Amino acid sequence: MTHARLLGSDIPLAERYDLALVDLDGVAYRGHEPIDGAAAGLAGARAAGMRLVFVTNNASREPESVADQLTSLDIPTRADDVMTAAQAAAALLATRLEPGATVLVVGGAGLVTAVRNAGFTVVTSAEDRPDAVAQGFAPEVGWAQLAEAAYAVAGGAWFVASNRDLSLPTARGFAPGNGALVAAVTAATGVEPDSAGKPASTMYEMAVQRAGAREALVVGDRLDTDLAGARTGGFAGLHVLTGVSTARDDVLAPPGLRPHFIAADLGGLLVPHPEPVQGAEGWWTCGDAAARVTGGRLELGGSTAGIDLVRAACAAAWAAVDGGAELDPASVPELRVDPQDAAGVGAGR
């Protein structure tokens, strides 16, 4: 897909696409807590015939552990329904390293297992003169491991990161992610890593190939990883507003980060998605909502509630910016949407 606009669908997305590539943190759950509506939305998607593969930038846990957590949250999942950044990192290592090569792993059990399963020898010290450093997030990663990584990278080891997310959502708020820890090694060595996780489309492509899917839909909460990866890989992307990126972020997004669909939560898989239409005097309408950009400022009209307002605002802003007009970010409000408003009914701004 080369366009960077919103799409419309007259039928629920779960009927249009045969596979959903679903992010975890901020989409299916938040930390160790469930997200309202997530289990029901995913159950409904499966009932409509959509297959689910959970694709996560978290490299600290093994697929079995992720599957167990999802199952405990009323989202029945098998280990082969999970694709992790650890698996993608191991696949990236295999593009340059021979089997048996040594890899210094900085991260959790998931990354260690994935690297070993790919045929590499895992080491823990730069004194082992590793061929590569693979770094992924784990809560237990500390200064000692980061120091070993820095010593090895400075000594010429290939530096591979499972992902570069600067933050991750938890039940208490946003905490430093793998990207923040990777930045410490980069600051010490001056070396930027190759990254296997989103926004690279490696995991999406691996998941589609594994599932044998006809047409896949990426579902995520972050524009800079999930949705950017969708654009990079040529997949349609659904942004759900239960995690990091907001509706305002959608409106202000550059082309490479824009979603194709927007919903309050995973209930958005179960409903049609109206496409905004351009009308008279520069107004873009979606349902009862309207928006336009005039004089460099976003104006909202019609209904001032719900997902349709977000869709109309995105269409107006993107068309204006792509056409060379200026848009004052200060004119774009925080478009707050009721988390239960999957279809855009009853939300407020």
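In this predicted model, four strands form an open sheet in the order β16-β17-β18-β19, and their pairing is antiparallel. The edges of the sheet are taken by β16 (277-278) and β19 (297-302), and because each of these has a single partner strand, one side of each is left without a neighbour in the sheet. Helix α11 packs on this sheet, where it touches β17, β18 (289-294) and β19, and the direction of α11 makes about 25 degrees with that of β18. At the β16 edge, the pairing with strand β17 (residues 284-286) runs in the antiparallel sense over 2 bridges, and Gln278 stands opposite Trp284 in β17.

The segment that comes after α11 (307-322) contains Leu335. With a relative accessibility of 6%, Leu335 counts as buried, because the cut-off for a buried residue is under 20%. Along the chain, Leu335 and Gly234 are 101 residues apart, and their C-alpha atoms are separated by 28 Å.

Turning to the nonpolar interior, the largest nonpolar core has 35 residues, and the residues with the most contacts inside this core are Leu21, Val55, Leu93, Leu97, Val103 and Val115. Helix α4 (residues 85-93) supplies the largest share of the core, namely 6 residues. Residues are given to this core both by domain 1 (13-57 + 199-269) and by domain 2 (86-195), and the core therefore lies between the two domains. Apart from this core lies another, of 32 residues, which includes Leu7, Tyr29, Leu70 and Leu269.

The surroundings of Val55, one of the residues with the most contacts inside the largest core, can be described in further detail. When residues up to four places away in sequence are not counted, Val55 touches Leu21, Val22, Asp23, Leu24, Met83, Lys198, Met203, Tyr204 and Ala207.

Helix α4, which gives the largest share of residues to that core, also meets helix α8 (residues 202-211), and the axes of the two helices come within 9 Å and cross at roughly 95 degrees. Because angles of 65 to 115 degrees count as roughly perpendicular, α4 and α8 are described as roughly perpendicular to each other. On the α4 side, the contact is made by Ala85, Gln87, Ala88 and Ala91, whereas on the α8 side it is made by Thr202, Met203, Met206 and Arg210. Met203, which takes part in this helix contact, is also among the residues that Val55 touches.

Technical notes:
Residues are numbered from 1 along each chain as its sequence is written. This is a predicted model: local features need pLDDT of at least 70, side-chain atom pairs count only at pLDDT 80 or more; totals for chains, interfaces and linings use all residues. Side-chain values use heavy atoms; hydrogens and water are left out. Buried means under 20% relative accessible area, exposed over 50%, partly exposed in between (1.4 Å probe, protein chains only). Two strands pair if DSSP finds at least two bridges between them. Contact means heavy atoms within 4.5 Å. Axes are lines fitted to C-alpha atoms, for helices over the stretch in contact, and angles run from 0 to 180 degrees between N-to-C directions. A nonpolar core is a set of buried Ala, Val, Leu, Ile, Met, Phe, Trp, Tyr and Cys residues joined through side-chain atoms within 4.5 Å. Domain bounds come from an automatic or database domain assignment. Angles under 35 degrees count as roughly parallel, over 145 as roughly antiparallel, 65 to 115 as roughly perpendicular and the rest as oblique.
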